Amino acid sequence: MSEGASALELIFSGDSDLYSIVGLSLYVSLSAVALAAVVGFPLGAFLALVNFPGRSFVVVVLNAFMGLPPVVVGLAVFLLLSRSGPLGFLGILFTPRAMIVAQALLVLPIIAALARQTIEDLWTEYRDELTAMRIGPAGRVATLLYDARFSLMTTLLAGFGRAAAEVGTVMIVGGNIDGFTRTMTTAIALETSKGDLPLAMGLGIVLISLVIAVNGIAWGVRRYGELRAG
Amino acid sequence: MANFVRGERMHGGMSDLPIAFERATVRAGAVTILDEITLTVSPGAPTLLIGPNGSGKSTLIKLGMGLIDASEGRVTWGGRTNAASPRRAMVFQRPIMLRRSAVANIEYALASRGVSRGEQARRADALLTQVGLRHLKDRPARRLSGGEQQRLALARALACDPEVLFLDEPTASLDPASTKAVEDIVRATADAGVKVVMASHDLGQAKRLAGDVVFLVRGRVAEQARSAQFFVAPATPEAKAFLRGDLVI
């Protein structure tokens, strides 16, 4: 297990290559989740509270899209952003920005679908009371988002877990360029095929640790919410 | 509950009373839930809506609250058909607690009435004291017992400074001690001049609280009378049977 020992050495010696890759991965995935939340929370609240023709269809499609294959999202964003594509003039293909957009699209259905479910459940419970208190539409949304805040936080973390672990979209729209668009997952794929197992394993360990940490935080947030808000 | 605290009144002089139901009918699909209800709710001692389950008590309360519309006929509040008034409050059979602390539940209602932040704290404290929950103010509301939740729901409804308070079987699932605590608050509220309209299928409770009684059977007003008269000398065979303890369906 000399590769394993080397992997641990890379991690604990603060190897700059390894940590710049980790840094970029975090930057891309956190930005993607933030972007997806800005769109996904209002979209989820809208679907939870507003009845319109075709709503069920939208909800079903959104739920199905929680399992979108990353490579397909990557391909779609690639086609949009490529030089001849409709958004080619932006010139952001093979940059971290393109990766953020692609991951945000990947995570958006997860955040919107989970937020819709959470807010709809809470609305079912609160409807009579808020109606009796004559809370207007804006006040209702604010109340539901606030009272569901701990559940919505775990929604964000679920989105982050998905974004940080996927390889398909960032590989396609980022291009895995060394020192520029190389993330943990694309680096693991590349280094493994090159035979540089210590770096691949080191990144793998960091990635798994991050995912565990994120889930630990999610659990803690939920517990705290139960204690504080009931 | 002698030291009853009222919110500061900020009404523009428009009263919601009397509430007049004029041949009000409510249907849900093919089912008629309320059938040509004609009834006037006037200021004074509590009006108790009694009758068997499914007789339309809850629907009548929602109609009076303005939460639902009459399918036919109409309801007027102080002569107005406009139901959008902040001067009516309601407590449901099962209290709906916001996922916040007890005091935050009350401050929420105060904030919805445009009460300033500093004033919210002062009034919330007074209301919690009034319902005997001041020592639990920071407890998450959903962690309170059923009886405590119902008292908190009452305090929250009173925070809206209502002229009329609708109560839909607030003690239906409470033990006797909790029921007494709720009844004490209801009595103090009525004594302070708030018109209480309360549904109950507990005859003892109706006797204890009612100024007048509306007896509903199958969506119709079978009898309406002063409490003293209704319980001693009911006029209709249905009411006689109900008071005897027969099963009125």
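Modeller: Before we start, a polar contact here is a pair of N or O atoms within 3.5 Å, where within protein one must be able to donate a hydrogen and the other to accept it. Bear in mind also that this is a predicted model.

Colleague: Fine, so what does the side chain of A:Thr118 reach?

Modeller: The side chain of A:Thr118 reaches the backbone oxygen of A:Leu114, at 2.9 Å, and A:Thr118 itself lies in helix α5 of chain A, which covers residues 96-132.

Colleague: And which residues is A:Thr118 in contact with, leaving aside neighbours within four places in sequence?

Modeller: With those neighbours set aside, A:Thr118 is in contact with A:Ala148, A:Ser151 and A:Leu152.

Colleague: Where is A:Gly44 found, then? And is A:Gly44 buried or exposed?

Modeller: A:Gly44 belongs to helix α2 of chain A, residues 16-49, and it counts as buried because its relative accessibility is 0%, the cut-off for buried being under 20%. Beyond four places in sequence, A:Gly44 is in contact with A:Ala112, A:Ala115 and A:Arg116.

Colleague: How far apart in space are A:Gly44 and A:Leu152?

Modeller: They are 11 Å apart, C-alpha to C-alpha, although 108 residues separate them in sequence.

Colleague: Switching to chain B, what is the strand order in the open sheet?

Modeller: The order of the 3 strands is β2-β1-β4, with antiparallel pairing, and the edge strands, β2 (31-41) and β4 (72-77), each pair on one side only.

Colleague: How many bridges join β1 to β4 there?

Modeller: There are 5 bridges between β1 (residues 19-28) and β4 of chain B, and B:Phe21 stands opposite B:Val75 in β4. Helix α1 of chain B, residues 57-65, packs on the sheet and touches β1, β2 and β4, its direction making about 125° with that of β1.

Technical notes:
Residues are numbered from 1 along each chain as its sequence is written. Chains are lettered from A and ligands numbered from 1 in the order in which they are written. This is a predicted model: local features need pLDDT of at least 70, side-chain atom pairs count only at pLDDT 80 or more; totals for chains, interfaces and linings use all residues. Side-chain values use heavy atoms; hydrogens and water are left out. Two strands pair if DSSP finds at least two bridges between them. Helices (H or I, at least four residues) and strands (E, at least two) are DSSP runs, numbered from the N terminus. Contact means heavy atoms within 4.5 Å. Axes are lines fitted to C-alpha atoms, for helices over the stretch in contact, and angles run from 0 to 180 degrees between N-to-C directions. Buried means under 20% relative accessible area, exposed over 50%, partly exposed in between (1.4 Å probe, protein chains only).
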